Amino acid sequence: MNLIIKDNYDEMSKATGDFVIDYINKKADTLLCIAGGETPYGLFKYLIEASKNGKVDFSKCKFVGLDEWVGLGRETRGSCQETLYNNFFDLLPIKEEQICFFNGLAENLESECKRVDKFISDNGNIDLMVLGIGMNGHIGFNEPNVPLDTYCHVVDLDPITKDVSVKYFDEALDVKQGISLGMKTINESDTILLMANEERKAEIVRKTVNEEKTPLVPSSLLKDFPKLYFFLDKAAASKL
Ligand code: GLP
């Protein structure tokens with residue numbers, strides 16, 4: 001695992017962004033997956049600015065969603081789809097055909113999983129996966145006690161994930177399930193960037209980095225992934 005610890009959130013976002021830019025400059029048709037949640041906001045801003053300044057060209061890239069709350073679509077502020085479109089995709093000069101995102105409102109969630117799996121395999125697996133880390137160590141909606149042999153799947157949300165969910169929405173929503181890329185999908189990526197900031201993540205970062213691998217802390221399962229880069233700010237790294 002490569003640990004990159006920066007003084008603050010902006011520096012962390014910039015370092016992650018420079019990695020992404022470098023990667024795309026070497027592989028123009030990168031299949032990129034970036035998590036929703038709050039962590040990547042700074043990264044989005046940095047990449048949008050870089051695109052405007054001609055430092056990176058996303059026109060040949062493909063984008064796939066990491067996860068979504070079941071029952072929520074783009075019209076719900078705080079859904080993963082809304083976050084990605086309003087803060088990233090819609091602000092880049094890219095076309096809708098380049099993007100494949102989970103529809104949390106799909107009637108048939110199994111076919112939704114198959115649709116996303118197919119998009120990924122049709123494009124030769126994910127090149128660059130940018131993940132956040134949940135307070136319980138989840139990555140995407142791969143929750144504690146995660147099965148290792150899954151591609152896209154529907155999961156029952158962990159109680160901690162449900163509690164934390166209130167921060168994303170204008171009003172508390174009764175979210176019970178998520179739809180997510182699985183550990184197999186994640187492990188078949190070429191390169192993984194994990195990001196964490198703020199002191200509240202310090203304990204789960206410590207467990208991820210300093211303790212044994214366990215499915216109880218899904219992020220710890222990435223430890224031996226050959227090309228893993230863990231970007232942290234000082235506060236999140238404070239217990240290492
Ligand atoms: C959320 C999302 C993930 C995200 C993680 C961390 O529930 N399902 O995609 O990476 O949890 O979220 P945050 O960045 O808001 O701390």
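In this predicted model, strands E7 and E8, the latter spanning residues 177-180, are joined in the antiparallel sense by 4 bridges. Within this pair, valine 155 faces glycine 178 of E8. Helix H4, made of residues 109-122, packs on the sheet and touches both E7 and E8. The direction of H4 makes about 125° with that of E7.

The pair belongs to an open sheet of 3 strands, arranged in the order E4-E8-E7 with antiparallel pairing. Strand E4 (67-69) and strand E7 (153-156) each have a single partner strand, so they stand at the edges and one side of each is left without a neighbour in the sheet. On average, and with direction ignored, neighbouring strands here are turned by 25° against each other.

A second sheet is also open, but its pairing is parallel. This sheet holds 7 strands, and reading across it gives the order E1-E10-E9-E6-E2-E3-E5. Its edges are taken by strand E1 (2-6) and strand E5 (99-100); each pairs with a single strand, so one side of each has no neighbour in the sheet. At the E1 end, E1 and strand E10 (residues 228-233) run parallel and are joined by 5 bridges. Here lysine 6 stands across from aspartate 233 in E10. Helix H1, covering residues 9-26, packs on this sheet. The strands that H1 touches are E1, strand E2 (31-34), strand E6 (128-131), strand E9 (191-196) and E10. Relative to E9, the direction of H1 makes an angle of about 165°.

For readers interested in the binding site, the ligand comes next. The ligand is surrounded by 16 residues, of which the closest are Thr39, Asp67, His138, Tyr168 and Lys201. Aspartate 67 contributes through its side chain, where an N or O atom lies 2.7 Å from a nitrogen atom of the ligand. Strand E4 (67-69) includes this position, which ties the ligand site to an edge of the antiparallel sheet. Oxygen atoms of the ligand also have polar partners: a backbone N or O atom of glutamate 38 is 2.8 Å from one such oxygen, and an N or O atom in the side chain of lysine 167 lies 2.8 Å from an oxygen of the ligand. On its own the ligand has 390 Å² of accessible area, and the protein covers 97% of it.

Key. Residues numbered from 1 in each chain as written. Predicted model: local features only at pLDDT ≥ 70, side-chain atom pairs only at ≥ 80, totals over all residues. Heavy atoms only, no water. Pairing = 2+ DSSP bridges. Helix = DSSP H or I, 4+ residues; strand = E, 2+ residues; numbered from the N terminus. Axes fitted to C-alpha atoms, helices over the stretch in contact; angles between N-to-C directions. Contact = heavy atoms within 4.5 Å. Near = heavy atom within 4 Å. Polar contact = N/O pair within 3.5 Å; in protein donor to acceptor, adjacent residues only side chain to side chain. Areas by Shrake-Rupley, 256 points an atom, 1.4 Å probe, with all protein chains shown as cover.
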